[in-house]
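Me: Please take a close look at the clustered aromatic rings. Set out how ring pairs are counted, and then go through the elements and the pocket that you can describe alongside them.

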Amino acid sequence: CVAVVTTRHLRSAFALDSNSYVADIISTVEFNHTGELLATGDKGGRVVIFQREPESKNAPHSQGEYDVYSTFQSHEPEFDYLKSLEIEEKINKIKWLPQQNAAHSLLSTNDKTIKLWKITERDKRPEGYNLKDEEGKLKDLSTVTSLQVPVLKPMDLMVEVSPRRIFANGHTYHINSISVNSDCETYMSADDLRINLWHLAITDRSFNIVDIKPANMEDLTEVITASEFHPHHCNLFVYSSSKGSLRLCDMRAAALCDKHSKLFEEPEDPSNRSFFSEIISSVSDVKFSHSGRYMLTRDYLTVKVWDLNMEARPIETYQVHDYLRSKLCSLYENDCIFDKFECAWNGSDSVIMTGAYNNFFRMFDRNTKRDVTLEASRESSKPRAVLKPRRVCVGGKRRRDDISVDSLDFTKKILHTAWHPAENIIAIAATNNLYIFQDKVNSEMH
């Protein structure tokens, strides 16, 4: 049993509030490989990095909380004069690079441009220059009569963020995903019709590895929605499509991976066929499990677990909000049916998580088949408060704490979630608020 699903132990560790401007809406959330750092990007082009504080000496078993570590402007709004097109500064994705030295590195991207950032710390400063004064100005050489050895003296910790490389002009269409390869040298970026492979040290060229653009755009039947490298095999990657299919590609087979190695596609049930079938079957996110054996996908109503050795159908299907099936017409009219929800694995691949409406998020225990609905909102989850399971009532008898499906707020949606790579700590982005929940009891047991 995974304790994170038994919600009586789930506590709110931190909530970030900001002004309710569109620029403050969080557009991506990502833990680094150790879980000590957490990065968020927003629609205003900013990246905020949170760092986990060390454990308290007074309470050695309690886990440290996350505090703001650094904030910087990653992207600015641009204008493409050749196409008369505005390019938003919104951060679409953030991906951390495995740490090679004392510095941290991450990739951030908007619709067109990917940037590599380096994050370093400085807590000492040199003093005692021979040719400069305390303000850094050059001294009059005639006044220098003796030589001194500069020394390093402690100073307040300063976090410096610097752009290392800018990868531009690689995409005609909007970038929807980036993924760092397990070789730690390359990464890929995907837009609606193409996937490019980049070397982290080379900015002026990339290699096109997938191109589904037809000769005549009127023949276009599907677009690429997400892509990810396999966590262990640097030659394998998967990409999902708006038709609900997954294509596993092997870069050893050919330079251009137009012919997939495996096609994962579930046959459609004719009895469930409707006007909205194609829209709700579009895969909005795909994630490899940490083991590399499984893939997790999210479409509008379900999350599915696929085995890499079985292409015919998913091995597990979980209903996220099946009560919305009767509301698809109104969801189509207000464009909510096109919302792109993300999904996440826990560190042991035993629990999966995804978002829903009304600031709800769902967890599914793969071992016990139990599921729970939780709410991330300022009204219901104060810091250190225990989250209570929520239940949506479709009709008939209604319990006291149930919420009616007709009273759900579709403007409050949890699209972006992330799970700590090793511990039961999750990050939830609810519009312009970031919530971090952690399982206190399970943390103490470990």
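Reply: Ring pairs join F275, F276, Y332 and F338 into a cluster. The model is predicted: local features need pLDDT of at least 70, side-chain atom pairs count only at pLDDT 80 or more, and totals for chains, interfaces and linings use all residues. Residues are numbered from 1 along each chain as its sequence is written, and side-chain values use heavy atoms, with hydrogens and water left out.

Two rings of Phe, Tyr or Trp (its six-membered ring) pair if their centres lie within 6.5 Å; planes under 30 degrees apart are stacked, over 60 edge-to-face, and the rest tilted. By this rule there are 19 aromatic pairs. One of them is F167 with W198: the centres are 5.5 Å apart and the planes stand at 75°, so the pair is edge-to-face. Here and below, helices (H or I, at least four residues) and strands (E, at least two) are DSSP runs numbered from the N terminus. F167 belongs to strand β11 (residues 151-167) and W198 to strand β14 (residues 194-199), so the pair ties together parts 31 residues apart in sequence. Burial is judged by relative accessible area: under 20% is buried, over 50% exposed, and in between partly exposed (1.4 Å probe, protein chains only). F167, at 1%, is buried, and W198 is buried at 2%.

Within the cluster, F276 and Y332 form a tilted pair, 5.7 Å centre to centre with 55° between the planes. F276 sits in the loop between β19 (262-264) and α1, and Y332 in helix α2 (residues 328-333), so this pair ties together parts 56 residues apart in sequence. F276 is buried at 13% relative accessibility, whereas Y332 is partly exposed at 32%.

Helix α1 also appears in the description of a pocket. A pocket is an open set of points on a 1 Å grid over the protein atoms alone, where a 1.4 Å probe fits, with protein on both sides within 12 Å along at least five of seven lines; lining residues have an atom within 4 Å of a point. Volume is the space filled by probe spheres set on the points, which are joined across faces, edges and corners. The second largest pocket has a volume of about 660 Å³. It is lined by 23 residues, of which E266, E268, S277, S281 and K304 are the closest to its centre. Two or more lining residues come from each of α1 (277-280), β22 (302-307) and β23 (316-319). The lining divides into 5 nonpolar, 8 polar and 10 charged residues, where Ala, Val, Leu, Ile, Met, Phe, Trp, Tyr, Cys and Pro are nonpolar, Asp, Glu, Lys and Arg charged, and the others, Gly among them, polar.

Strand β23 contains Q319, which is partly exposed at 34% relative accessible area. Its C-alpha lies 33 Å from that of Y21, with their positions 298 residues apart in sequence.

Elsewhere, strand β16 (residues 224-229) has 6 of its 6 residues buried, so it is largely enclosed by the rest of the structure. Strands pair if DSSP finds at least two bridges between them. By 5 bridges, β16 is joined antiparallel to strand β17 (residues 236-241), where V238 is the bridge partner of E228. The two strands form a hairpin with 6 residues between them.
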